[in-house]
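Visitor: I would like to go through this model and ask what stands behind each label.
Guide: Then let us look at it together.

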Amino acid sequence: LMLVVPEPAMVLDGTEVVAVHAGQVDPADVEGGARGLAIPKLAALAAAQAAHNPSPLAIAAVPTTTYQTLVRAVSSVRTSYPTLALLVRSHDGVGAVPLTFPATNRLEADLARLAASGGEAKPAAPPLQMAMMISADRVMLFSFDGREGSPGQPLTQVALADVAAAATEVATALAAVAARNPAAASPRQLIVMAPPGAPLATVLPLMAAARASFPELVLSTGIN
């Protein structure tokens, strides 16, 4: 099953859902308008499709599609399709970047482990809270808890003049982070932040590079 985000329309399994212009969905089609996330028409169609076709959903988007449109699409279908794959074209060809949304959160997992052990299990090491912040001209890596840089003093800053080269540096830096923090880096979850108008031609290669060490990607709208 595939969700395609080209222009002039977003298409789910051959059915046009909403119009797309200049990489963006009309705010009138978004719950909450310009500041909203969910696209009700897409959410309803995804729920109907999932009822008889629950297979993983692939998302294909043209390079000019914006990060905001991707986040809105994912937010609209994730309840019906918790496992998604973003199709990415790179110099190696076309590949997929899976997005998986865990069924339980960290606290629930720790409580379940404690109950199963009769109260003797030690809590797991706190997660790193690693983040990849993409701006107009650079990408920054840091952890919100300060163990691997911070928002004010990132662990790594890489210029985006050459996206392929930047993706390689991101992959190398995150592999080193995971190696330094084997316990705290599990589950290996990375928060991805980018401006709403950032083109996927920039964002997706960086996401693909990050997945080698941090396979769980969480899309955030933290940059305006």
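**Reasons behind the labels**

Guide: Leu-190 stands opposite Leu-217 in strand 12. Keep in mind that this is a predicted model.

Visitor: What makes strand 11 and strand 12 a pair, and in which sense do they run?
Guide: Two strands pair if there are at least two bridges between them. Strand 11 (residues 189-193) and strand 12 (residues 216-220) have 5 bridges, in the parallel sense.

Visitor: Which element joins strand 11 and strand 12 in a β-α-β unit, and of which hand is the unit?
Guide: Helix 5 (residues 200-210) does, and the unit is right-handed. With the strands pointing away from the viewer, a clockwise path from the first strand over the helix to the second is called right-handed.

Visitor: Which sheet do these strands belong to?
Guide: An open sheet of 5 strands, in the order 10-9-8-11-12, with mixed pairing.

Visitor: Why are strand 10 and strand 12 said to stand at the edges?
Guide: Strand 10 (156-159) and strand 12 each have a single partner strand, so each has one side without a neighbour in the sheet. From one strand to the next, the twist averages 20 degrees.

Visitor: Where does helix 5 pack?
Guide: Helix 5 packs on the sheet and touches strand 8, strand 9, strand 11 and strand 12. The direction of helix 5 makes about 160 degrees with that of strand 8.

Visitor: In which sense do strand 8 and strand 9 pair?
Guide: Strand 8 (residues 130-134) and strand 9 (residues 138-143) pair in the antiparallel sense over 5 bridges. Leu-141 in strand 9 is the bridge partner of Met-132.

Visitor: Why is helix 5 called largely enclosed?
Guide: Buried means under 20% relative accessible area. Of the 11 residues of helix 5, 8 are buried, so the helix is largely enclosed by the rest of the structure. Among them are Leu-200, Val-203, Leu-206 and Met-207.

Visitor: Which residues touch the most other members of the largest nonpolar core?
Guide: Met-10, Met-132 and Met-207, in a core of 56 residues. Leaving out residues up to four places away in sequence, Met-207 touches Leu-86, Val-97, Leu-99, Met-132, Val-192, Leu-217 and Leu-219.

Visitor: How do you know whether Val-139 is buried or exposed?
Guide: The cut-off for buried is under 20%. Val-139 has a relative accessible area of 1%, so this residue counts as buried. Val-139 is placed in strand 9. Beyond four places in sequence, Val-139 touches residues including Met-132, Val-158, Val-170 and Leu-206. Gln-157 is 18 residues away from Val-139 in sequence, yet their C-alpha atoms are 5.8 Å apart.

Visitor: And Asn-181, buried or exposed?
Guide: The value for Asn-181 is 13%, and the residue therefore counts as buried. Asn-181 lies in the loop between helix 4 (163-180) and strand 11. Apart from neighbours within four places in sequence, Asn-181 is in contact with Leu-128 and Glu-148.

Visitor: How many aromatic pairs are there?
Guide: The structure holds 1.

Visitor: Why is the pair of Phe-142 and Phe-144 called edge-to-face?
Guide: Rings pair if their centres lie within 6.5 Å, and planes over 60 degrees apart count as edge-to-face. The centres of these rings are 5.2 Å apart and the planes stand at 85 degrees, so Phe-142 and Phe-144 make an edge-to-face pair.

Visitor: Which accessibility classes do Phe-142 and Phe-144 fall into?
Guide: Phe-142, at 0% relative accessibility, counts as buried. Partly exposed lies between 20% and 50%. Phe-144, at 39%, therefore counts as partly exposed.

Visitor: What makes both faces of strand 2 covered?
Guide: In strand 2 (residues 9-12), Ala-9 and Val-11 on one side and Met-10 and Leu-12 on the other are all buried.

Visitor: How is strand 2 linked to strand 1 and strand 3?
Guide: Strand 1 and strand 2 form a hairpin with 3 residues between them, and they pair in the antiparallel sense over 2 bridges. Strand 2 and strand 3 form a hairpin with 2 residues between them. Asp-13 in that turn has a positive phi of about 50 degrees.

Terms used:
Residues are numbered from 1 along each chain as its sequence is written. This is a predicted model: local features need pLDDT of at least 70, side-chain atom pairs count only at pLDDT 80 or more; totals for chains, interfaces and linings use all residues. Side-chain values use heavy atoms; hydrogens and water are left out. Helices (H or I, at least four residues) and strands (E, at least two) are DSSP runs, numbered from the N terminus. A nonpolar core is a set of buried Ala, Val, Leu, Ile, Met, Phe, Trp, Tyr and Cys residues joined through side-chain atoms within 4.5 Å. Buried means under 20% relative accessible area, exposed over 50%, partly exposed in between (1.4 Å probe, protein chains only). Contact means heavy atoms within 4.5 Å. Axes are lines fitted to C-alpha atoms, for helices over the stretch in contact, and angles run from 0 to 180 degrees between N-to-C directions. Rings of Phe, Tyr and Trp (its six-membered ring) pair if their centres lie within 6.5 Å; planes under 30 degrees apart count as stacked, over 60 as edge-to-face and the rest as tilted.
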